[in-house]
Each structure stands twice: as C-alpha cells, then as structure tokens.
Amino acid sequence: MKIVTSVLKSLVLVTALFSFSITAAFAQSAEEGEKLYNANCTSCHAINEKVVGPALKNVHTKRKEAWLLKWIKNSQALIKSGDADAVAIYKENNESVMTSFENLSDNQIKSIIAFIKKESEAPLQASVVPTGTSSSNATTTDSITSEVSGTLKTSINWLVIIIMLLLIMVIVLVLDILAKVGEIQGKPVINWNGINAKLMLAFGSIGILASAWEIWEHGKLTVFNQTPASTHGAEYDNMFMITLIITGIVFFITQGLLFWYAYKYKHSSKRRALFYPDNHKIELIWTVIPAIVLTILVVRGLKTWTEMTGEKDPKSRIVEVYGYQFAWNARYAGDDNILGKHDFRQIGVMNALGVDTNDLKAQDDIVTNELHLGVGEPVLLKFRAKDVIHSAYLPHFRVQMNVVPGLPTQFGFTPSLTTAEMRQKLNNPKFDYVILCNKICGGAHYRMKMKVVVHTKEEFKQWLAQQPRLVNKSTPNAQATAQVETSTKTKVAN
Ligand code: HEC
Ligand SMILES: [Cu+2]
C-alpha cells in the first residue's frame, strides 16, 4: 500500500515537472514568435481580421506544420508546385504575393506558429476564465453569453431610438403650443433671440476651453514633447513652435471676439444695424500685418527647409529605404558607399528589391529589414517605391519624405541620440525608433513599420560588419581558391 502511494506520488511529481517544462518551453518560443511576428507579419496580417492577407486565427489547426513551413518560407514556390491548398488561398486573395521568408529558420517559424496558436486561443479565455485553466467549456459559454448580450444590446438600442423620437415629437408639439399662446397674447412666451445669443456665448466658451484643454492635455503625447533625435530637429521644433504660438494667439483672439460680438450685438428692437461699407485704414492694417507675419514665417521656413535638404555632407553614408505594399526594407551601399543599380524587371521572390544583378557595385550591398544608424554619423536616405506612393516618416528624427515610384527622393540627417540614450531620456526601456508610412489611404499603409536602431559608432561598425553582403565574395574559402587559381595560372603562363 505504502509503495503504491509513493509510486503514485513520484508519478504525479514527474508529470507535473514534465508538463511544466513543456509549458515553459512553449511560452518561451511563443514569446520569441511574437517578436518575429511583429517584425515580419503585422504589415499584412492580423490574428482576427483580414488585412492584406487572411486572418491567421487557427491557421495552425487548418494547415499541417510542414505545409506552413513551406508556405512561409516561399509561398510562391509552393503555389508553383501545384499544391491545391496553396493555389486555392492564392486565388482567394486575388493573387497577391506574400513576401518570402527564406531567412527564417524552421525553429523561428515554429515559434511564430506557437504565437499564432496562443493568440488564437487567448482572447476568448481572457474575459471569463482565469488564465491557466482548461478552456473548452468556458469558450462555449463565453460565446453564448456574448451572443445573448449581443441581441440584448440591439433591442436596447432600438428602444432608445424610439424613445428619443417620441421625446423630440413631444418637444416640437410643446413649442408649437407655446408659439400659439404667444400669438394670442401678442408677446412671445420664449425669447428666442436671447436664448440664441446665450447659446452662442456658451458654445464659443466651451469650444475655446476645449481647444486649450486639448493642447494642454494631448500636446504632451505628441512627438514635440520628446527631445528630437537628430541635429536639425531642434531648429525644426523651434520653427514649428513659433508658428503654432503665433497662429494660436490669433486663433484664440479672433474666435473669442467672434462669439463675444455675436452675443453682445444680438438683435435688439432699440438698435439699428450700422451701415459701414469700407474703411481703408482698417483694411490696410488687417492686410499688411498678416502679410508681414506670414512672409517672415514662410521665408524662415524656406531657409530652414533648404538647410535641411540642401547640400549634403559628402561623407554621408548612403542607405536606400525601399517601400512597398506593405512593408519597408533598407539597403546599405556597402564598403564602396555606392548603391548598386536597380531594375524593376528583376524584382522577384529571390530579389525583392530588384537589385540589378549585372551591376558589380551591387555585390557589397546589404539588404536588411531594420534601419540601423550610427549616432553622430550623417546619413543620406534615398527613397524608392515599388508600387504606389508611400511616405517615409521618422517622427523622432523630424524627417518625412514622400516615396514615389519612378521619382527618386532623398533626405539627409544626422542622428544625435542612440536608442539607449533615448530609452533613458523617456524612461521607457521598451522604446524604439520607427519609420512609418504616413499615407493614410486604404487599409494597410498605416501598418507599414520598420524598426530603427541608433547605435554608438563602434556598435554600428560591428553590426554592419556582421551583415551578409548580397554576393559574398570575400569568405576565406573563396579567397583561398582565388589565390590557388592565380598561382596555377601564373605557372601555366610561365
Ligand atoms: C506582403 C504581405 C505579407 C506579409 C509580410 C506576410 N504575409 Fe502571409 N499572406 C499574405 C497574403 C496576400 C496571403 C494570401 C495568399 C496569397 O495571396 O499568396 C498570405 C497567406 C498566409 C498564410 C496562409 C493562410 C491560410 O489561411 O492558409 C499564412 C499561414 C501566412 N500568410 C503566414 C504569414 C507569416 C507567419 C508571416 C510573417 C513571417 C506572413 N504571412 C507575412 C501576405 C503577407
Ligand atoms: Cu505606404
């Protein structure tokens, strides 16, 4: 008897430990998967809704793991191989091409799938069941309650609408009766003129106070509340603030006067409106003053803009920023600091950026999906779009430039704070610089996001050295063979 219990005990212990380690491993890989998913997939996918690609909820049950591995690495290859599911989903999505991810290892993709699995199961549990308990029952009850509360909500909405309509009818009727009473008495019961004037005053005051509150409260959340992370940023902020203050003062004065006069000079039977056709002096004043102020603002703006976009430091590092539906890539010019040519006809699964493979200068180019920069090092971003107009927006560096197919644009700047320094300044260890797409039309430009990392100069050098070149011509083996070749050649020549 004793033996049985002790065996049972150890069995329980072992299974507990075992399942714990499994959940721990699972949690860990899902965590890594989340990072990979956020970096690579969110521009086109969401778990619960269709974006560019289909919703990924429960895709781990719908497809086999081997299929998913093949698909995510190179969906086009799978489609070309004639796989029925692959062809079907491709057709369903109007043959839009998913990016291939040959660079992701099997384990990385598995962790992404683990994350998708976790997310597919998570949201429904969250509202009812404490985390960790089994969810199969809870999920069904949860969906039932949400269904019930759904129908309840719609019937309540209808009730509210009907009551509102009845209320409006009653008010209209009461006003009608009061107007009739006024007619009989020969003097209106309600003084609409006075009420309108007071409403005007109330509307104006509330509007002005709300604007002030808005500036105060949400101004803190704008990027202007953070130190700019580029050398031209301070000048830019300064100009923006001066413009905002001047136009702000004018706004508050003119809006205040507008509503105050509407109140003060409301209709009165004792007063006649003044006929005042023109006054040259006043018109001159209110034309000349704004003209001078605007000229100063515009001229200063032009000067700042030419300074920001004008002649570039010839030592600037050249980096291409490539925008497409719906993500970004960066391409470094490599050691020669000359970007290889590009040719749209060569865009394909293995050459997403359409780098011209006939151009030798492209051999040392480096393609990445994060933009890394060195602090204090001038960089010249050259923008290129594959398909439609995008807009590269780097809010923390005060940089924005349209990215237009067939029309090269560029912006040079110098980062002045590393990611680590900015994290410290903002007291936010998770902060990251970003490049966003500022075009807000359609469903997915706003999801285009690439992480930007600013290193110290040494860190940046190290990072760059570790990145693979497009054509790796200087691996030790290649050099050795090259030497052997030349020595044999010279021998033959001798
Ligand atoms: C450029 C947009 C884009 C990106 C980025 C992207 N996908 Fe897709 N994905 C698609 C499209 C579009 C489809 C639909 C099939 C098609 O048209 O090729 C799809 C389909 C899928 C499918 C098949 C869905 C199903 O129902 O069978 C999976 C799985 C998938 N993507 C996973 C991923 C993962 C994981 C990543 C990130 C590593 C990713 N995708 C990144 C666009 C994208
Ligand atoms: Cu875009």
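Here is a walk through this structure, from the overall make-up to a few individual residues. Keep in mind that the model is predicted.

Let's start with the big picture. The protein has 494 residues, and 17% of them count as buried. Its secondary structure adds up to 13 helices and 10 strands. Take the contacts with a sequence separation of 6 or more, and 66% of them turn out to link residues 24 or more positions apart.

Now for the inside. The largest nonpolar core holds 53 residues, and the members touching the most others are Val-319, Val-321, Trp-328, Leu-371, Ile-435 and Val-452. The element that gives the most to this core is helix 6, covering residues 106-128, with six residues. Domain 1 (16-131) and domain 4 (317-474) each put at least three residues into this core. If you want one residue to centre your view on, try Val-452. Leaving aside residues up to four places away in sequence, Val-452 touches Leu-371, Leu-373, Leu-394, Tyr-433, Val-434 and Ile-435. Two of these partners, Leu-371 and Ile-435, are also on the list of core members that touch the most others.

Next, swing over to helices 8, 9 and 10. Helix 8 runs over residues 192-219 and helix 9 over residues 233-264; their axes are 8 Å apart and the packing angle is about 165°. Angles over 145 degrees count as roughly antiparallel, so that is the label for helix 8 and helix 9. The crossing of helix 8 past helix 9 is left-handed. On the helix 8 side, the contact is made by Ala-197, Met-200, Leu-201, Phe-203, Gly-204 and Ile-208. Helix 9 answers with Phe-252, Gln-255, Gly-256, Phe-259, Ala-262 and Tyr-263.

Helix 9 has another partner in helix 10, residues 280-309. Here the axes come within 11 Å and cross at roughly 165°, which makes helix 9 roughly antiparallel to helix 10. Helix 9 passes helix 10 in a left-handed crossing too. For this contact, helix 9 uses Glu-235, Tyr-236, Met-239, Thr-243 and Ile-246, while helix 10 brings Val-293, Leu-297, Arg-300, Gly-301 and Thr-304.

With the packing covered, have a look at some backbone details. Gln-325 and Phe-326 are joined by a cis peptide bond, with omega about -5°. You'll find Phe-326 in the loop between strand 1 (317-324) and strand 2 (327-332).

Then there are positive phi values outside glycine. Asn-58 has a phi of about 60°, and its place is the loop between helix 1 (2-40) and helix 2 (59-62). How buried or exposed is Asn-58? There are 14 C-beta neighbours inside 10 Å, so Asn-58 counts as partly exposed. Glu-95 is another non-glycine residue with positive phi, near 55°. Glu-95 belongs to the loop between helix 5 (84-92) and helix 6. Because Glu-95 has 9 C-beta neighbours inside 10 Å, it counts as exposed.

Finally, follow some pairings between residues that are separated along the chain. Ser-29 sits in helix 1 and, with 19 C-beta neighbours inside 10 Å, counts as partly exposed; buried status would need 20 or more. Which residues does Ser-29 touch, not counting those up to four places away in sequence? They are Lys-110, Ser-111 and Ala-114. The C-alpha atoms of Ser-29 and Gln-108 are 8.3 Å apart in space, and the two residues are 79 apart in sequence.

Helix 6 also contains Asn-107, which is exposed, with 11 other C-beta atoms within 10 Å. From Asn-107 to Leu-69 there are 38 residues in sequence and 9.5 Å in space, C-alpha to C-alpha.

Back in helix 1 you come to Asn-38, a partly exposed residue with 13 C-beta neighbours inside 10 Å. Asn-38 and Lys-449 are 411 residues apart along the chain, yet their C-alpha atoms are separated by 9.6 Å.

Methods. Residues numbered from 1 in each chain as written. Chains lettered and ligands numbered in written order. Predicted model: local features only at pLDDT ≥ 70, side-chain atom pairs only at ≥ 80, totals over all residues. Core = buried A, V, L, I, M, F, W, Y, C linked by C-beta atoms within 7 Å. Buried ≥ 20, exposed ≤ 12 C-beta atoms within 10 Å, placed from the backbone. Helix = DSSP H or I, 4+ residues; strand = E, 2+ residues; numbered from the N terminus. Domains from an automatic or database assignment. Contact = placed C-beta atoms within 7 Å. Axes fitted to C-alpha atoms, helices over the stretch in contact; angles between N-to-C directions. Parallel < 35°, antiparallel > 145°, perpendicular 65-115°, else oblique. Left-handed = near helix turned anticlockwise from the far one by under 90°.
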